[in-house]
Amino acid sequence: MPKNSKVTQREQSLEHVTESVADLLAHEEPVDYKNSSLNVGGAGGKKVPQIEVPENDGRPAWNSKLQYILAQVGFSVGLGNVWRFPYLCQKNGGGAYLVPYFILLLIIGIPLFFLELAVGQKIRRGSIGVWNYVCPNLGGIGMSSLMVCGFVGLYYNVIIGWSIFYFFQSFQYPLPWSECPVRKNGTLTIVEPECDKSSATTYFWYRQTLNTTSTIAESGGLNIKMTLSLLVAWIIVCLAVIRGIASSGKVMYFSSLFPYVVLFCFLVRGLMLKGSVDGIAHMFTPKLEKMLEPQVWREAATQVFFALGLGFGGVIAFSSYNKIDNNCHFDAVLVSFINFLTSILATLVVFAVLGFKANLMNEKCVVENAEKILGYLNSNVLSHDLIPPHVNFSHLTTSDYAEMYSVIKTVKEDNFAQLGLDPCVLEDELNKAVQGTGLAFIAFTEAMTHFPASPFWSVMFFFMLINLGLGSMIGTMTGITTPVLDTYKVQKELFTVGCCIVAFLCGLLFVQRSGNYFVTMFDDYSAGLPLTVVVILENLSVAWVYGTKRFMQDLEDMLGFRPCKIYFYLWKYVSPLCLIVLISATIIEMAISPPGYNAWVEELAQERFQSYPPWALVMCFALIIVAMLPLPIVFIARRFNLISDGSNKLSVSYRKSMMKDISNLEEQDESRFILGAKPGEAPSSGASRKSYLTPAGNKPQLDPNSLSPISCYGTGYQNAAISPTTPSTPTTPVTPESDS
């Protein structure tokens with residue numbers, strides 16, 4: 001080793017270096033620096049032992065890779081795959097919609113999903129700790145993510161409560177929503193008017209389940225049945241997550257796999273039903289002209305975004321329990337494609353069943369209108385000459401009725417509207433797009449009433465919805481509890497139970513009679529825009545603040561191979577641009593669309609759009625503001641040193657990995673990284689403690705583009721992986737990345 005090297009001469013100022021590192025790791029237990037790798041001035045030329053990150057650092061870990069994959073699949077595959085994706089597919093061009101969806105999955109979904117998996121696995125923290133570590137000034141990202149998780153968890157578990165109610169109602173024959181209830185008026189027995197005007201399943205949903213009011217302003221008091229269902233839902237969630245991944249990991253074996261069993265059973269059963277092929281053919285018949293509409297691409301991007309659970313914090317939290325060398329790139333691709341294929345499977349099931357329902361409705365329409373025509377024939381309103389000779393009213397087919405309808409419409413053109421005949425076209429029934437609760441609790445439920453052994457299929461269907469929702473709720477709750485437990489020393493079980501109790505009490509808003517309208521409000525405003533802002537800031541903080549080249553190098557150190565270079569351009573240019581366009585489109589959509597909700601009007605027995613009252617509008621925008629408020633607050637507070645940068649909250653193993661990385665840099669050319677001098681130049685003999693911090697002996701300046709511990713941590717702090725010891729010889733200095 002050269003005598004004038006910085007490493008040799010550093011023996012003279014060992015005391016100052018020790019004090020400075022102790023300042024950096026203020027809350028670390030005392031370390032014997034003379035025996036540590038920081039004492040690079042030991043025996044000349046002797047290899048110094050490295051400080052290794054302990055494999056068992058006290059952080060829980062997945063029992064197996066399968067358990068982890070099932071947890072990520074259970075979180076990403078949720079209710080939206082069953083009732084949102086099929087609707088978007090039908091609305092936006094059928095099979096043609098799959099093209100923009102798949103393209104955006106490749107250029108937005110997989111790269112950002114990979115990014116979240118990588119930072120969680122590398123830093124081994126929840127969302128708050130991760131973004132405090134990457135860039136403390138943007139530490140509000142984790143807090144905003146936690147806020148959004150809280151809002152979504154409140155109303156998402158209400159949907160699970162609805163599914164629990166239907167699940168228990170399914171254990172009876174006939175199913176309670178198969179027929180309209182009757183009302184006795186003296187000696188007369190009449191069908192409930194509200195049900196008669198709508199349908200049995202619609203009436204059961206709005207009146208017997210929700211007992212909904214006609215406006216959001218009319219509370220109507222608590223719905224006791226829904227309150228009890230919500231309580232059961234929160235008890236299930238609490239038991240699933242009370243011990244962290246030790247309990248939720250075991251639950252995922254069932255809750256992630258069981259929905260696939262049900263979907264395959266429904267697919268086989270659905271394909272055996274009359275009309276199922278018509279539904280599937282209608283679904284996947286591409287309308288290529290739709291691909292040119294910007295709205296289709298916007299909705300595809302939004303669905304990709306939410307389908308993978310980006311920004312919620314659950315992805316990062318689950319990944320933080322992995323081993324440091326886990327191949328998270330493979331995980332990102334695998335889970336993304338499982339999610340995509342699950343959406344297609346669910347779409348096949350939904351439209352096989354809806355095709356069967358559409359055929360039933362079309363046949364019913366033909367029968368009802370044929371009776372009208374017979375009445376007109378018997379009363380001489382229509383001539384028998386208008387009826388084709390081959391038509392047999394006792395065995396009337398849809399094609400016969402279509403021919404007869406066409407003839408009557410042509411001949412009676414002037415007064416045809418007065419006859420009140422319907423065309424009864426199967427395509428019209430298939431085009432009646434439904435989504436969300438309308439699909440799960442009305443359309444699909446109605447179709448199942450016509451299945452043989454309908455209670456069995458109903459039990460299976462709603463048990464599947466419970467498990468789909470439970471998997472997503474476990475990920476959402478993990479996105480809330482993990483960051484808090486990483487940051488503060490609180491008892492896991494007590495904190496989890498407390499969260500569930502508070503969430504249940506807040507959730508009472510959604511189980512009053514007008515609660516369905518608040519579910520719609522939270523779904524529209526609490527997650528969409530705030531979550532998109534969170535993800536674009538995640539992308540920018542890694543790609544532009546920390547630096548894409550540095551991040552790629554970190555991935556190579558962690559994974560053992562360098563990811564494909566296309567990720568460099570996707571993270572740095574393509575994904576941020578797409579997310580900016582998505583945010584702009586979302587804001588424009590919110591501006592031009594009047595804020596409101598579909599209210600159930602009892603007198604009309606149908607939904608009608610109503611605008612939000614002023615207090616509800618304030619509540620809508622308050623949800624957006626509250627979710628995004630941590631972003632500017634944390635930025636301003638840390639910019640002006642009003643709060644700590646969060647480094648004192650780092651785990652013991654984390655701080656030891658920091659020390660190890662500093663040691664590695666010291667062995668290569670520690671003067672380049674720490675002293676800021678040129679290689680080979682000796683420091684002054686009177687180097688003070690401050691000269692360790694900056695060449696001038698002053699406190700470092702706050703550079704917004706810097707990667708120092710005060711603004712955004714640099715490569716030395718980011719690399720938590722174990723790297724091999726390098727010889728203590730002068731090396732080419734590490735130059736700052738130009739693109740950071």
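These legends describe close-up views of a predicted model.

**View 1. Helix 8 crosses helix 24.** Helix 8 covers residues 140–169, and helix 24 covers residues 528–559. Their axes come within 10 Å. The crossing angle is roughly 155°. Angles over 145 degrees count as roughly antiparallel, so helix 8 and helix 24 are roughly antiparallel to each other. The crossing of helix 8 past helix 24 is left-handed.

**View 2. Residues of helix 8 meet residues of helix 24.** Helix 8 brings Ile141, Ser144, Ser145 and Val148 to the contact. Helix 24 brings Pro530, Leu531, Val534, Leu537, Glu538 and Ser541. By class, six residues in this contact are nonpolar, three are polar and one is charged. An α-helix has 3.6 residues a turn, so residues three or four places apart point the same way.

**View 3. Helix 17 runs from residue 328 to residue 378.** What span should its 51 residues have at 1.5 Å a residue? The expected value is 75 Å. The end C-alpha atoms of helix 17 are 74 Å apart, which agrees. Just after helix 17 comes Asn380, with a positive phi of about 65°.

**View 4. Residues that UniProt lists under "binding site" cluster in space.** The feature comes from an unreviewed UniProt entry. UniProt places it at Gly74, Val77, Asn81, Asn339, Leu468 and Ser472. These positions are spread over 399 residues of sequence. Yet the largest C-alpha distance among them is 12.8 Å.

**View 5. Val77 sits in a loop.** Which helices flank this loop? Helix 3 (65–76) lies on one side and helix 4 (79–83) on the other. Val77 is also one of the "binding site" positions in the UniProt entry.

Note on methods: Residues numbered from 1 in each chain as written. Predicted model: local features only at pLDDT ≥ 70, side-chain atom pairs only at ≥ 80, totals over all residues. Heavy atoms only, no water. Axes fitted to C-alpha atoms, helices over the stretch in contact; angles between N-to-C directions. Helix = DSSP H or I, 4+ residues; strand = E, 2+ residues; numbered from the N terminus. Parallel < 35°, antiparallel > 145°, perpendicular 65-115°, else oblique. Left-handed = near helix turned anticlockwise from the far one by under 90°. Contact = heavy atoms within 4.5 Å. Nonpolar A, V, L, I, M, F, W, Y, C, P; charged D, E, K, R; others polar. Expected span 1.5 Å × (residues − 1). UniProt positions renumbered as here; feature names shortened; annotations may be inferred.
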